Amino acid sequence: MGERTRPAVYTIPAHRAFSDALAAGILAQHGSDPMALARGTILVPNNRAARSITEAFVRRSEGGLLLPRLVHIGDPELDETLSGALDPIGVEIIPPAIPPMERQMLLARLVQHARARTGQPVDAAEAIRLAQALASTLDQMLIAQIDPRKIAELDIAGELSTHWQKSLQLFEILLNTLPKMLAERGMIDMADRRNRLLAHVTHRWAESPPPGFVIAAGINTTAPAIAALLGQVARMARGQVVLADLDQNMSADEWDAIGPFPPDPVTGRSRRPHETHPQYGLKRLLDLMSVAREEVALWRWGGGHDARAIRSRNISHAMLVPHLTSKWRDLDTVERSLAGVEALEVATPAEEAQAIGIALREVLETPERTAALVTPDRALATRVAAHLRRWGIEADDSAGQPLSRLAPGTLLVGLAEAAAEHFAPVAMLNLLKHPLVMRGDRRLEWLENVRRFDLLLRGPRPPAGLAGIDALIVPREDDRQRVLRSEVASWWPQARALLMPLEAAFTAHSDLASLLAALRTTASALSADAVWAGHHGHAAAELFADMEAAAPLGPQDATPQSIPALLDRMLGQVAVRPPQGGHPRIAILGLIEAQLQQSDLMILAGLNEGTWPAIPAPDPWLAPRIRQELGLPGLEGRIGISAHDFASGLGAPRVLITRARRDASAPAVASRFWLRLKAMAGPQWKEASRYVTLGRALDHAAEQHPAPRPAPCPPLAIRPRKIAVTDVDRLKADPYAFYARKILGLSVLDAVDADPSAAWRGTEVHRILQHWAEQDNRDPARLEQRARDMLARADSHPLMRALWQPRLLAAIHWIASQVVEDEKNDRHIAIVEGRGEATLAGVTLYGAADRIDRLPDGKWAIVDYKTGKPPRAKQVQAGFAMQLGLLGLILEHGGFADQNATGIAGEFEYWSLGKKGDSFGYRESPADPVGKRGKIVTADFTSEALQNFSEAAARWLTGMEPYVAKLHPEIPTYADYDQLMRLEEWYGREKHV
């Protein structure tokens, strides 16, 4: 058979670059004969490893080179990739594998049906989530070659909680159903097919080894089928197995302490092994291959620095199992040394990203040196990439991004969200502004129209659906946005036509396939097919095609509300890696991409618990106890894999490990790996604080010049000569805000889809009272009906209706009763929402009076409705909140003469709808006939208002006084322009004027 008596198993330690050492050894053994090299086969763990080894061969070659065949060991089409080494193949009896998407949809439907039978129905999105978890559990069982029927033999149901008992029952139902469905299709699970193919390869090579050499490189999985194949390769005459970073520094006792352990002779149970140890996976692999650690030789090619070899030994000390860490106390200084390894601990992720960017940039100062950032934290990687761009460096980020975060994915999810939310304003605008929508020559015009549409959608939400937007753009009575509505109305039919098919599909309760088809066609129409362009678009197109084809097999009753979450989960499972073309010496890698790779500087970042290592996601189907009884790998095994990745990364020539003391929302706990290294190193722990210093210096200004308190002084010619009574307080208390609003023309926009504000409520109440007085002859019965009609409108939020309706109805009943009482006392309403103006102090003053009543003595009462509390007397005494007095001043100067109101203002009243005592609604006056309680005498109220207005006009309207910001900060004003005036930069730094 041509087999060795001793297995050919080697290891390349972490202080050697795995791919380069492997390529050097293969060339040393077979490079003299180019054809012998070409006839060889290298089995690798993944496609990224194949690429890394290929690049290593290119670096080692001095000319043309025929490379060995590099085969991904997990390839489901292993029979095709190894066909040349398997002739005659003889695997036609192995059924094809069910396509992954088809399998996922089938599982989702099975989950949905099973949960419905148990009285726990789930929607389509949750069914997909549970199906993905179920598929992962099934794959783990298949890979571990555990017969699913073994679950029925377990007698531990009574020891489980009710939740896990129900999950186990569902799991057993699904296990009984899925094989039948696969058999009907003549297919098997992909993991099952891979096992069969690997078993066939193992058997075939045992009988007839391939003519060329076979090397299994960097494979550390403990799957029995792969372990059996590696065992066969190790014993073939021309076979070799090369492991990555098998720790040969550990003593026999330390090695045995990892586990697994034999069963206890009394209980029959085994102690849990230390699955979180970085060497646990390799130890299990050697056990399955029937290879002792002593039989593993050191791969002698590829070099490596002696100092780093000493570091590898010390890293081994740091990773000892917990009960052996007491040995750290007895370590000599040289055995604690981590020469070449530095640590960087900063306050925030932002500081961490900047320091990493500087460290990567520093590497480029030395020709031919390389650097790589390795982190599972994609947000941190994105920040670092942004920092590198400040120096024009585009890092080769081979870890990729989930499709759900890329432009095609966000457009598809945005479409689903807009349709599911019945085209609510926020979702609608997010969709219409998406960078792929109307991409090309038409985009600028499109965005101009969307901007107008955005302005129209400010404020409370319009009625649902496209019909609601149709109603929104219809001109209204007393409409201040008539021009804007007209502009939007000319564009809206174009957008509506594009969205109508999507609304029709989502309102017709269509099946999943129809909903996906509607999303696809609408996305194509909106983007002119740009959504499917480029490598991101190709990935989205491929996934969508698979989803549509398999959707008829998927979950039933897919409600429109479940589609966004379903789509986001499906797109999030696809990682899109950019094509080659980043910086040749700077790379950003995920943990999988970093395997078997090494740079001159390796930055291991994000070393916080929960990030590296990540918190293992619990299995929603099988309780931990069941997994243990079945012999499935524990969830802690993933931590062990992360630990091995970390330990391997520490073997680079220079290493920088980093963490932030807090994440985006809360303090963070240092990774267990970080804490172990720090505890073991003791005084040898070295910190790279220089990068923090450099980062702070990079953004530090030698001299700080905070913004001064703004006080613009525009020329007299552009100062307003016409002012509303409601703007006088703003002019006096915060002249800069008046300047921004009236001279710069900067008005404040309501939020999109905003809750009804106090201003909105006030406007609606004023409109009700105006129409009641003008059209209903002040009939008390009609006033309540008008209020109820307003509250029933679609743009009145249900919560606002529930909370405000009883308060509003009680208050307007009070208003109606007061009006009736006044009529009996010969006080009559003369003007409602009357507008008047008068020229005073060289300026035209204008305003609208909510109401002007004719008093029995021939004088006039100025009434202002308030939904809240009226201004305090102290404010009025200080010369502010003089609107009623200014309106009285306009009346006395004939400003309301065309409305038959001339004479003297004798009363000034606020009619508040607020609560006072036990009832809603009360009157209050800012003046008093005799000036009691600190109020201005009623007869002097208009003259006081004139004096205050004349002083303000002389200073800022007809005079040249600058518009100082926050002149009277003690007066409550709106903070609309605080950011524009850069308030936080100067407020409190200088004495107020």
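These notebook entries record what I looked up in a predicted model.

**Entry 1: the nonpolar cores**

I began with the largest nonpolar core, which has 102 residues. The residues with the most contacts inside this core are F453, W492, L519, L567 and W621. I then looked up where the core residues come from: helix α7, residues 124-143, gives the largest share, eleven residues. I also noted a second, separate core of 69 residues, with I226, M250, A318 and A681 among its members.

**Entry 2: W492 and the helix pair around it**

Which residues does W492 touch, not counting those up to four places away in sequence? I listed M428, F453, L466, I469, D470 and I473.

I next examined helix α20 (residues 443-456) and helix α22 (residues 482-507), whose axes come within 9 Å and cross at roughly 115°. The crossing of α20 past α22 is left-handed. From α20, the residues W446, N449, V450, R452, F453, L455 and L456 take part in the contact. On the side of α22, they meet L484, R485, E487, V488, W491, W492, Q494, A495 and L498. By type, I recorded eleven nonpolar, two polar and three charged residues in this contact.

**Entry 3: the buried side of α30**

Which residues of helix α30, residues 690-698, are buried? I found Y691, V692 and G695. They cover an arc of only 100° around the axis, and therefore lie on the same side of α30. I recalled the general rule for comparison: an α-helix has 3.6 residues a turn, so residues three or four places apart point the same way. I then looked up what covers the buried residues of α30, and the cover includes β7 (341-346), α16 (349-363) and β14 (654-660).

**Entry 4: D568**

I located D568 in helix α25, residues 563-572. Is D568 buried, partly exposed or exposed? Its relative accessibility is 36%, so I entered D568 as partly exposed, since that class lies between the limits of 20% and 50%. Leaving aside neighbours within four places in sequence, D568 is in contact with S404 and V413. I also looked up A416, which is 152 residues from D568 along the chain; the C-alpha atoms of these two residues are separated by 9.6 Å.

**Entry 5: T938**

I found T938 in the loop between β22 (936-937) and α38 (941-957). T938 has a relative accessible area of 14% and is therefore buried, as the limit for that class is under 20%. Apart from its neighbours within four places in sequence, T938 is in contact with G906, F908, A927, D928 and P929.

Methods. Residues are numbered from 1 along each chain as its sequence is written. This is a predicted model: local features need pLDDT of at least 70, side-chain atom pairs count only at pLDDT 80 or more; totals for chains, interfaces and linings use all residues. Side-chain values use heavy atoms; hydrogens and water are left out. Buried means under 20% relative accessible area, exposed over 50%, partly exposed in between (1.4 Å probe, protein chains only). Helices (H or I, at least four residues) and strands (E, at least two) are DSSP runs, numbered from the N terminus. The arc is that of the directions from the helix axis to the C-beta atoms. Contact means heavy atoms within 4.5 Å. A nonpolar core is a set of buried Ala, Val, Leu, Ile, Met, Phe, Trp, Tyr and Cys residues joined through side-chain atoms within 4.5 Å. Axes are lines fitted to C-alpha atoms, for helices over the stretch in contact, and angles run from 0 to 180 degrees between N-to-C directions. A crossing is left-handed if the near helix is turned anticlockwise from the far one by less than a right angle, and right-handed if clockwise. Ala, Val, Leu, Ile, Met, Phe, Trp, Tyr, Cys and Pro count as nonpolar, Asp, Glu, Lys and Arg as charged, and the others, Gly among them, as polar.
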